[in-house]
Every structure is written in C-alpha cells, then in structure tokens.
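Dear colleague,

Please find below the sequence and structure that I am handing over to you. A summary of what was found follows them.

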Amino acid sequence: MKLGRLDVEIAGERLTLTGRIDDASPLGELVSQLPANVVIDTSGVTFVNSIGMREWIRLLRGLRERGTVTLERVADVLITQMNLIPDLGNNVRIASFHAQYACNACGAEVAPLIDAVAHAEQLQRLKAPPMPCPECQGQMELADFPERYLTLFRV
Ligand SMILES: [Zn+2]
C-alpha cells in the first residue's frame, strides 16, 4: 500500500516502510491494522519531516501500549530524530540502526548497520563501536556526536 510517497508493506508481524515519511503519511492510522507484536523495518526510509515525525511517534506510542515493538535497521534520518525524544525508546526494542561513519584512513563516508544487541553495553555508555571500512578495511568511527545516535540507549 502507498501512503503518499511512502511504501507500506505488512507481512505477518513485519511492517516495512520505504520512502518519505511526511504530511502524506498518516502512520498513526496503521496501528489498528497491525498485530499486537510488531517488527518495523525502516532501512529504506530516506526522509522525514516534522509532521512525519509526529506520525511516527503516534505509531510507536499506539503500538507499544498493545504489545512488543521491535525496530530493525532504523534509518539514519529516523534514529537521529528519535534521539531528540528519548522517552520514545521506552518499551521499544531497537535491534539495529544505521549511523553515519567516516574512515580514518581513506575518508570514505558510509552509513553501516549497527547491531544494537551485540553492542548493547558500549551503546549504554554512549560509545559507538568501531566498524570496518568497506573501501580499505581500515577503522571507521562515528562521524557525529554520539548523543545524536545513542541517547536512546543510555540506561
Ligand atoms: Zn577506508
């Protein structure tokens, strides 16, 4: 199904969002169409504006009242916005997310997927795990302030 410029796919417990979350994406209305326990994949989300963010919050708040919510492969544009509203992480499990990294050796800039379960202990201390560079296999570091990505994980 399409909500404006957002592709919405529901398959069993899995909700996949791809595209832009904006004024034309009434995500809050999806709550009633989803099962109690939901896994949401937003890896393909490329843009979110303030109205889209409000809808994303409505969706998460509606879902977490009814069952378990797991976020997988959270898009860079969403995880940075969510970190401005840390209570959004309550009763929402973030399994993995994308973050902007830069390579110390060759300068490559990429947004690798960070496994939030494997790195849980580091993330709680606001430490982004080093990642291998896809270009030169050197060490990449988070290219931004850790608070922009990791406030949600702080205990
Ligand atoms: Zn490199």
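The notes below treat the division into domains and then the strands around E5.

Please bear in mind that this is a predicted model. The protein is divided into domain 1, covering residues 2–98, and domain 2, made up of 101–114 and 124–155. Taken over C-alpha atoms, the centres of domain 1 and domain 2 are separated by 23 Å.

Between the domains, 12 residues of domain 1 are in contact with eight residues of domain 2. On the domain 1 side, helix H2 (76–82) and strand E7 (96–98) are the elements that give two or more residues. H2 gives the most, with four residues. By type, the residues on that side of domain 1 comprise five nonpolar, five polar and two charged.

Within domain 1, strand E5 spans residues 69–72. Val69 and Leu71 form the covered face of E5, whereas Thr70 and Glu72 form the uncovered one.

E5 is paired with two strands, E4 and E6. Strand E4 (residues 38–48) runs parallel to E5 and is joined to E5 by four bridges; here Val69 is the bridge partner of Val38. The connection from E4 to E5 passes through helix H1 (residues 50–64), and this β-α-β crossover is right-handed.

With strand E6 (residues 92–94), E5 forms three bridges, again in a parallel arrangement. Leu71, from the covered face of E5, stands opposite Ile94 in E6. The chain passes from E5 to E6 through H2 in a right-handed β-α-β crossover. H2 is also the helix that gives four residues to the side of domain 1 touching domain 2.

With kind regards

Terms used
Residues numbered from 1 in each chain as written. Predicted model: local features only at pLDDT ≥ 70, side-chain atom pairs only at ≥ 80, totals over all residues. Domains from an automatic or database assignment. Contact = placed C-beta atoms within 7 Å. Nonpolar A, V, L, I, M, F, W, Y, C, P; charged D, E, K, R; others polar. Buried ≥ 20, exposed ≤ 12 C-beta atoms within 10 Å, placed from the backbone. Pairing = 2+ DSSP bridges. Right-handed = clockwise from strand over helix to strand, strands pointing away.
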